[in-house]
Amino acid sequence: MYLLARQGALYRFRDHRRSPRAVVDRHYAADYDERVTVLVPSYIEELQVVRKTLWSAALQEFPDVRVVLLIDDPPYPTDPERLAELEETRRIPQEIEATLAPIAQRMEKFSRKQAKRIAERGRVTVDDVEALADQYRYAVHWLERRADAWPLEDHTDVFFIDRVLLGLASELRLTTLALDAALDQGGTPDAERMAELVRRLVWTFRASLTSFERKTYASVSHEANKAMNLNAYIALIGKRWRTEHNSDGVVLVEAEADEPADLDIPDSTYLLTLDADSMLLRDYCLRLVEHLEQEGNERIAVIQTPYSAYRGAPTRIERIAGATTDVQHILHQGLTYYGATFWVGANAVIRKRALEDIVEVENVGGYVIRTYIQDRTVIEDTESSIDIATHGWTLYNYPERLSYSSTPPDFGSLIVQRRRWANGGLLILPKLSQQLRERRLRREPILLRETLLRINYMASISWASFGLIFLLAYPYDGRLLSPWILAAAIPYFLSQASDLRLSGYRRLDIFRIYGFNLVLLAVNLAGVVKSVQQAVTGEKIPFARTPKVANRTAAPGLYVFVPYFIVGFSILTFWRDFSAQNWGNATFAAFNAVMCVWAILAYIGVLNSITDMVLGVVNWLWVERKPAPVEQTRDPKAPINWEGILYNGERRLGRDLRRDLDRRRRVGIRF
């Protein structure tokens, strides 16, 4: 499956032709009125991480960009430090919009003046070109000043400065160079091209930014996962809402046309979902939406560039984790070639109309809850990919690297991410069979290779993990190990080594990735077992946030112990097979022991692993009494709506209010 997907990717890279800038600009005429709404779900993220993500979204060269930070932190924290961080997070969108406002107003004023002057003269003059070049120079200097003032804390800041701020500045400087050359050679662009160049400046610096906190409203879902954070806001888009107070707290009620509204959310043709630790390059929206609007692409529901890793990672484990991510970028391009694309949730442009086709509506506690992106598993993007295809839509990977995302910097945070990735694939497989039935009924052609690639994508972690255990533990001898079996794996390893080299890594990193997978064996198995548990119990698993902290994240002791167990067992196997002169198995066991030891030293560290295992034992023996919850989901200053209680009764009694009544009843206090 790896070789098949890789072959498809090579075909796509060979055939891809990047559209010239003038062709893209011509697509977005002056009367273009479609909007992209960028949704950035955030849960207790570092402030600088969120700030860089929002800046990369705000500087998209697109006619109409609206950026919404979906803050999922508890809205009424009692911890002063947490409250201060939350208030600062709320201010970030307004801070960025205020910073952009002066240059955006300058460019819009210049646009009106330039258009009027050219219309009066009926032609483009040298003065017009000089004035436009001056505005481009001003924009370049403005971006360079922002880059000089940006604090350098880690390699993601270097990326933000070089690829987001200075990358955009470099493109604008190139246009300035072309305009200056035109003046030197006595030529001028035509009026239409001049208008396009002016609009580019206006669109680049014009963006609307705001924030939304679903947990301040009782009428939307509070499920603890990213999918429902997105769903809560998507359900509000295109409508006007007023707030009311009842026994549950603050609720949103759709406002009539003649009523004043507390929340007016404009409609949007396209939605861009963007993780809070990701960044987009300047023409992400421009090129992806232009492709969506080409003839023949009307049924593409989701278009994306599978994210790549930031370069310059300071730790070995972050670098190797990034290498696996960059190789996956190649494989996802191959999946598109064979019609087996999966949505990778870090970033994607989505047609809102396609989400309306797959929405599920249910009544929860008297409120209508709309689910567009499924939250049954923590890999909500994979499940939604199946839903989208079931309804006759397709997905597409744009064959360029235009988006980047963080990789975990240490073993503890990596465990959180990879356990999440390993969970849910088995649960989604039945949906795939349902999708195939629906497509057969529509008489759509379904190729075997597409089906195999989809099954492999969703379930390969399961059988690969159990297969690795079998290879490590089964006491087979030389009669069961044919040389052809080993030879069959050589093309896979050689191809992956080549892909690593093409992605900017070393060919020998293939061995480091092998050790990387050995130390993650227990993590992948835990995700698979969790899927089975979820299938039996039917319960949802909360979205586990990948920690983004400056210091090391402690890893669960069991996941640290298993790599040591693999080393010990491999050494025992080597001694046994060496004594029995079973040279093939002895060599394989010695190789596993060496790779796993190297991975422990490079990715975990002996001192860190001892600390984590000791903490694991202590935490298992020592059980602290859980303190009473301090986070509140209802505004403590909000008055009790006694009329709502009398009207709605117990069924609609808010959780916080019910808990307060029970507490008063237990201590004998009259309400």
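Helices here are DSSP runs of H or I with at least four residues, numbered from the N terminus, and by that numbering valine 614 lies in helix 21. The structure is a predicted model, and the account below moves from this surface region to a hairpin and then to the aromatic rings.

**A nonpolar patch on the surface**

Valine 614 belongs to a nonpolar patch on the surface that also includes Val597, Leu601, Val606, Ile610, Val618 and Trp622, and together these residues have about 660 Å² of accessible area. Helix 20 (583-604) and helix 21 (606-621) each supply at least two residues of the patch, while helix 21 gives the most, with four residues. Valine 614 itself has a relative accessibility of 48% and therefore counts as partly exposed.

**A hairpin of two strands**

Strand 12 (residues 360-364) and strand 13 pair in the antiparallel sense over five bridges, and asparagine 363 has valine 368 of strand 13 as its bridge partner. The two strands, strand 12 and strand 13, form a hairpin with two residues between them, and glycine 365 in the turn has a positive phi of about 60°.

In a regular strand the side chains alternate between the two faces of the sheet. Along strand 13 (residues 367-371), Tyr367, Ile369 and Thr371 point to one face and are buried, whereas Val368 and Arg370 point to the other face and are not buried.

**Aromatic rings**

The count of aromatic pairs in the model comes to 24. Two edge-to-face pairs are set out here.

| Aromatic pair | Centre to centre | Angle between the planes |
|---|---|---|
| Tyrosine 28 and tyrosine 32 | 4.9 Å | 75° |
| Tryptophan 142 and phenylalanine 205 | 5.6 Å | 80° |

The pair of tryptophan 142 and phenylalanine 205 links distant parts of the chain, since tryptophan 142 is in helix 5 (residues 126-149) and phenylalanine 205 is in helix 7 (residues 191-205), 63 residues apart. Tryptophan 142 has a relative accessible area of 9% and is therefore buried, and phenylalanine 205, at 1% relative accessibility, counts as buried as well. In the other pair, tyrosine 28 and tyrosine 32 are both buried. Elsewhere, ring pairs link Tyr2, Tyr492 and Phe493 into a cluster.

**Charges over rings**

Arginine side chains also meet aromatic rings in this model, as two cases show. The charged end of arginine 12 sits over the ring of tyrosine 396, 4.9 Å from the ring centre, and arginine 299 lies over the face of tryptophan 393, at 3.7 Å from the ring centre.

Note on methods. Residues numbered from 1 in each chain as written. Predicted model: local features only at pLDDT ≥ 70, side-chain atom pairs only at ≥ 80, totals over all residues. Heavy atoms only, no water. Phe/Tyr/Trp six-rings, centres within 6.5 Å; stacked < 30°, edge-to-face > 60°. Buried < 20%, exposed > 50% of the residue type's maximum accessible area, 1.4 Å probe, protein only. Lys NZ or Arg CZ within 6 Å of the ring centre and 35° of its normal. Pairing = 2+ DSSP bridges. Patch = residues over 30% accessible without salt bridge, like charges linked within 9 Å, V, L, I, M, F, W, Y side chains within 5 Å. Areas by Shrake-Rupley, 256 points an atom, 1.4 Å probe, with all protein chains shown as cover. Salt bridge = Lys/Arg side-chain N within 4 Å of Asp/Glu carboxyl O.
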